[in-house]
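Let's take a friendly walk through some charged side chains and the elements that carry them. Please have the structure open in your viewer as you read.

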Amino acid sequence: MLIVDTDVLLVDRQLREGRLTCPSCGAVLAPWGHGRPREIRGDLGARLFLRPRRTRCSGCKVTHVLLAQVFWPRRADAAEVIGAGLEIAALGMGHRQVAAVLGRAEGTVRGWLRAFAGRAETVRRHFTVALVALADDPVMPDAAPSTLADAVSAVAAAHQAASARWPQMLTVSRWEFAGRAMGGRVLTSSSIAI
């Protein structure tokens, strides 16, 4: 799986021009059909329809799914919705309260929070390093009461540093940024084909 830009036409052009490379071997990726269509829940009840592009590496012959940065692998909700839930949980709310605020099932939100809690230290470390690399004079986030809150703060700080360096990043939400920066592995420890 490879996380790509949200602009489908741009990604298709990059693919056809040979500008997308295999994450495993670095060879050029070529079009190889599409994955199965699916529906993703967006913010405020929006329904997003997704039919991910499949590619095949010209070198190692492995197939990859191209997933737009607004989606995370194996999730029925958009990155922005899941990220909002993580931010609410970082304030100290439990999964039931987060689910009520977002209008999602309690079990779904509990799954997000458990998955993120298992990855929180890795996420915090990743985005702390990114913050230091991106900012001229990095300001580290204050220590938070939980590892989950520390990780959320690190994502926000790194996104802010990236936006200061590249103003076009302001059009990308911090959770789309996080998903792309971590190759979709914000909630999962390995890249899983969808």
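Aspartate 12 has a relative accessible area of 24%, so it is partly exposed, given that the buried class ends under 20%. This is a predicted model, and the values that follow are computed from it. The side chain of aspartate 12 meets that of arginine 53 in a salt bridge, with an N to O distance of 3.2 Å. Look at where the two partners sit: aspartate 12 belongs to helix 1, while arginine 53 is in strand 5 (residues 53-57), so the pair links distant parts of the chain, 41 residues apart. Is arginine 53 buried or exposed? With a relative accessible area of 16%, arginine 53 is buried. The two partners of this salt bridge therefore fall on either side of the 20% cut-off, with arginine 53 at 16% and aspartate 12 at 24%. There is also a third residue to pick out here, since Asp12, Arg16 and Arg53 are linked in a network of salt bridges.

Now turn to another pair. Side chains of opposite charge can pair when their charged atoms come close. Arginine 180 and aspartate 5 form a salt bridge through their side chains, at 3.8 Å from N to O. Arginine 180 lies in helix 6 (residues 174-181), and aspartate 5 in the loop between strand 1 (2-4) and helix 1 (8-16), so this contact ties together parts that are 175 residues apart in sequence. Arginine 180 is partly exposed at 38% relative accessibility, and aspartate 5 is partly exposed too, at 25%.

From here, move to strands 3 and 4. Strand 3 (residues 38-41) pairs with strand 4 (residues 47-50) in the antiparallel sense, over 4 bridges. The two strands form a hairpin with 5 residues between them. In the turn, leucine 44 has a positive phi of about 55°, a backbone angle you may like to check in your viewer.

Which residue stands opposite glutamate 39 in strand 4? That place is taken by phenylalanine 49. The side chain of glutamate 39 also has a charged partner, arginine 47, and the two meet in a salt bridge of 3.0 Å, N to O. Glutamate 39 is partly exposed, with a relative accessible area of 40%, and arginine 47 counts as partly exposed at 46%.

To place these pairs in context, the count for the model comes to 12 salt bridges. Among them are arginine 53 with aspartate 12, arginine 180 with aspartate 5, and arginine 47 with glutamate 39.

Conventions: Residues are numbered from 1 along each chain as its sequence is written. This is a predicted model: local features need pLDDT of at least 70, side-chain atom pairs count only at pLDDT 80 or more; totals for chains, interfaces and linings use all residues. Side-chain values use heavy atoms; hydrogens and water are left out. Two strands pair if DSSP finds at least two bridges between them. A salt bridge is a side-chain nitrogen of Lys or Arg within 4 Å of a carboxyl oxygen of Asp or Glu. Buried means under 20% relative accessible area, exposed over 50%, partly exposed in between (1.4 Å probe, protein chains only).
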